[in-house]
Amino acid sequence: MVSYILVMLGGALGTGARFFVSGFIAERAGEFFPLGTLVVNISGSFVIGFIAAFTDPEGAILVSPRLRQFLMIGVCGGYTTFSSFSVQTLDFVRDGDWLKAFLNTTLSFACCLGAVWLGRILAVMLMSK
């Protein structure tokens, strides 16, 4: 039961952070393109990649499974937002804006995959020092 509560608390923290970051970016960049969602998903991918490598049983810091669940499932899961990405892309398709749909899909996939990889690389580099 404690694990569930920790994941829910982490999710609440991640959701609050997502709301703040995506809103902050949208206020400055406008709503022309879902840049806030893209930044949230890329930064969340980087963080989860870093945490996964850094707190891996063979990583630099041994943490409890509950802390790992709190951070990776709760905070990162609440912070990133695949559902928002999906509905925004669908809206572009419905509006016939295929370029934005393609850009959103391609940038999200490539940048998030790259970010999780970079997060892992950074954690491994830090652990080897």
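Which helix is Asn104 found in? That was my opening lookup, and I got helix H5. Note to self before going on: this is a predicted model.

**Entry: overall layout**

I pulled the secondary structure first and got five helices and zero strands for the protein chain. Reading from the N terminus, I wrote the order down as α-α-α-α-α. The C-alpha trace spans about 50 × 35 × 25 Å along its principal axes. I then checked burial, and 32% of the 129 residues count as buried. For contacts I took residues at least 6 apart in sequence, and 74% of those contacts join residues at least 24 apart.

**Entry: back to Asn104**

Is Asn104 buried or exposed? Its relative accessibility is 2%, so I logged Asn104 as buried, the cut-off being under 20%. Next I listed its partners, skipping neighbours within four places in sequence. Asn104 touches Phe33, Pro34, Phe85, Gln88, Thr89 and Phe92. I kept that list open for the pocket search.

**Entry: the largest pocket**

I ran down the largest pocket and noted a volume of about 180 Å³. Its lining has 13 residues, and those closest to the pocket centre are Glu31, Phe33, Pro34, Leu35 and Gln88. Phe33, Pro34 and Gln88 are familiar from my Asn104 list, where they appear as contacts. Which helices supply at least two residues each to this lining? I found H1 (2-29), H2 and H4 (82-94). Sorted by class, the lining comes to six nonpolar, five polar and two charged residues.

**Entry: H2 against H3**

I looked at how helix H2 (residues 35-54) packs on helix H3 (residues 65-79). The angle is about 170 degrees and the axes are 9 Å apart. Anything over 145 degrees counts as roughly antiparallel, so that is how I filed H2 and H3. On the H2 side I marked Val40, Ser43, Gly44, Val47, Ile48, Ile51 and Ala52. On the H3 side the residues they meet are Arg68, Leu71, Met72, Cys76 and Tyr79. By class, the residues of this H2 with H3 contact divide into nine nonpolar, two polar and one charged.

**Entry: Val75**

I stayed in helix H3 and picked Val75. Val75 comes out at 23% relative accessibility, which I wrote down as partly exposed. Which residues does Val75 contact once neighbours within four places in sequence are left aside? I got Gly10, Gly11, Gly14 and Phe70. I also took a C-alpha distance from Val75 to Thr15, and the two are 7.6 Å apart in space while 60 residues apart in sequence.

**Entry: Ser86**

Ser86 was my pick from helix H4. Its 30% relative accessibility counts as partly exposed. For a distance I chose Ala101, which is 15 residues away along the chain, and the C-alpha atoms of Ser86 and Ala101 are separated by 9.8 Å.

**Entry: two more from H5**

I went back to helix H5 for Trp117. Is Trp117 buried or exposed? It has 53% relative accessibility and the exposed cut-off is over 50%, so I put Trp117 down as exposed. Its C-alpha atom is 8.4 Å from that of Phe50, with their places 67 residues apart along the chain.

Ile121 is also in helix H5, which I have as residues 98-127. Ile121 has a relative accessible area of 33%, and I recorded it as partly exposed. The C-alpha atoms of Ile121 and Val40 are separated by 20 Å, and the two residues are 81 apart along the chain. Val40 is one of the H2 residues I had already marked in the contact with H3.

**Entry: recap on H5**

I closed the page with the three H5 residues. Asn104 is buried at 2%, Ile121 is partly exposed at 33%, and Trp117 is exposed at 53%.

Notes. Residues are numbered from 1 along each chain as its sequence is written. This is a predicted model: local features need pLDDT of at least 70, side-chain atom pairs count only at pLDDT 80 or more; totals for chains, interfaces and linings use all residues. Side-chain values use heavy atoms; hydrogens and water are left out. Axes are lines fitted to C-alpha atoms, for helices over the stretch in contact, and angles run from 0 to 180 degrees between N-to-C directions. Helices (H or I, at least four residues) and strands (E, at least two) are DSSP runs, numbered from the N terminus. Angles under 35 degrees count as roughly parallel, over 145 as roughly antiparallel, 65 to 115 as roughly perpendicular and the rest as oblique. Contact means heavy atoms within 4.5 Å. Ala, Val, Leu, Ile, Met, Phe, Trp, Tyr, Cys and Pro count as nonpolar, Asp, Glu, Lys and Arg as charged, and the others, Gly among them, as polar. Buried means under 20% relative accessible area, exposed over 50%, partly exposed in between (1.4 Å probe, protein chains only). On a 1 Å grid over the protein atoms alone, a cavity is a set of points where a 1.4 Å probe fits but cannot get out, and a pocket is an open set with protein on both sides within 12 Å along at least five of seven lines; lining residues have an atom within 4 Å of a point. Grid points are joined across faces, edges and corners, and a volume is the space filled by probe spheres set on the points.
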